[in-house]
Amino acid sequence: MTSTTPLRRQPVQQRSAKRVERMLEACAQLIEEVGYDGVTTTLIAERAGVAVGSLYQFFPDKRAVVQALTLRNLEKFIQTVDGRFTSTTLDHWWDAVDSIFDVYVSMHREVPAFSKLHFGDVVDMRLLDDRRDNNTVISDRIAEMISTKFDIPLPELQLPISIAVEAADGVLNLAFRRDAAGDQRILDEAKALVRGYLSTRLPS
């Protein structure tokens with residue numbers, strides 16, 4: 001999924017894995033409180049209850065901690081969408097698109113720091129993969145999932161899904177600027193915009 005790894009070394013023991021998890025949780029809490037620019041490695045270590053030297057064993061800098069947090073959020077997003085695809089009856093591709101849209105909005109509302117980081121654009125447009133921008137990583141995964149679920153050739157999906165993701169991202173940013181929980185009227189318009197555009201590009 002990504003050609004970059006933020007970790008200096010992978011935690012092999014359960015205790016080390018839990019320590020890294022605490023660092024990520026602490027980073028998310030701090031970004032929620034003071035924003036990315038206000039976060040330091042010292043603050044992350046203090047909030048996580050670890051020595052700053054312990055943080056540097058796993059992460060070279062603050063950016064790497066945020067990158068690991070963002071990759072974790074991407075994994076959560078994909079797993080949640082996969083779960084909905086499996087557990088919900090989806091009769092048409094637009095049901096899948098609606099479901100993906102709803103998962104993204106829920107993460108904005110429920111996952112600490114997600115509304116401030118999204119998938120890392122605040123930090124680096126190529127935080128998820130050093131070969132592709134963040135939205136391309138997301139749109140490629142969405143296209144693959146819809147292609148597999150509805151047997152639509154992937155090349156027919158890639159460009160329309162990429163454009164839909166860019167458009168939805170802009171309107172969703174507006175919705176969450178207007179209201180911390182997301183202005184529901186704008187969210188509804190964003191969903192209608194995406195469905196309307198894709199209806200002219202994907203098989204009926």
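**Figure 1. Asp-129 in the loop between α6 and α7.** In this predicted model, local features need pLDDT of at least 70 and side-chain atom pairs count only at pLDDT 80 or more, while totals for chains, interfaces and linings use all residues. Residues are numbered from 1 along each chain as its sequence is written, and side-chain values use heavy atoms, with hydrogens and water left out. Welcome to the first close-up. Asp-129 sits in the loop between α6 and α7; helices (H or I, at least four residues) and strands (E, at least two) are DSSP runs, numbered from the N terminus. Asp-129 is buried, with a relative accessible area of 0%. Buried means under 20% relative accessible area, exposed over 50%, and partly exposed in between (1.4 Å probe, protein chains only). The side chain of Asp-129 has a polar atom 2.8 Å from the backbone nitrogen of Arg-131. The side chains of Asp-129 and Arg-132 are joined by a polar contact of 3.2 Å. A polar contact is a pair of N or O atoms within 3.5 Å; within protein, one must be able to donate a hydrogen and the other to accept it, and residues adjacent in sequence count only if both atoms are side-chain atoms.

**Figure 2. His-118 and its partner Asn-173.** His-118 also belongs to the loop between α6 and α7 (134–150). His-118 is buried, at a relative accessible area of 13%, and its phi is near 55°, a positive value in a residue other than glycine. Most residues other than glycine have a negative phi. The side chain of His-118 makes a polar contact of 3.3 Å with that of Asn-173. Asn-173 is part of helix α8 (residues 154–178) and is partly exposed, with a relative accessible area of 23%. Look for Lys-116 as well: its C-alpha is 9.9 Å from that of Asn-173, with the two positions 57 residues apart in sequence.

**Figure 3. Ala-113 between α5 and α6.** Ala-113 lies in the loop that links α5 (93–110) and α6 (114–117). Phi of Ala-113 is positive, about 75°, although Ala-113 is not a glycine. Ala-113 is buried, with a relative accessible area of 0%.

**Figure 4. Where domain 1 meets domain 2.** The protein is divided into domain 1 (11–59) and domain 2 (63–200), with bounds from an automatic or database domain assignment. Their C-alpha centres lie 26 Å apart. The contact (heavy atoms within 4.5 Å) takes twelve residues from domain 1 and 14 residues from domain 2. Together the domains bury about 1,200 Å², 74% of it on carbon and sulfur atoms; buried area is the accessible area (1.4 Å probe) that two parts lose on being put together, summed over both. On the domain 1 side, Leu-24, Glu-32 and Tyr-36 lose the most area to domain 2, together 46% of what that side buries. Three salt bridges are counted between the domains, each a side-chain nitrogen of Lys or Arg within 4 Å of a carboxyl oxygen of Asp or Glu. Helix α1 (residues 14–34) gives the most to the domain 1 side of this interface, with eight residues.

**Figure 5. Two spans annotated in UniProt.** The unreviewed UniProt entry lists "domain: HTH tetR-type" at residues 17–77 and "DNA-binding region" at residues 40–59. UniProt positions are in the numbering used here, feature names are shortened, and annotations may be inferred rather than shown by experiment. Residues 17–77 are 80% helix and 0% strand, with end C-alpha atoms 21 Å apart. Residues 40–59 are 75% helix and 0% strand, and here the end C-alpha atoms are 12 Å apart.
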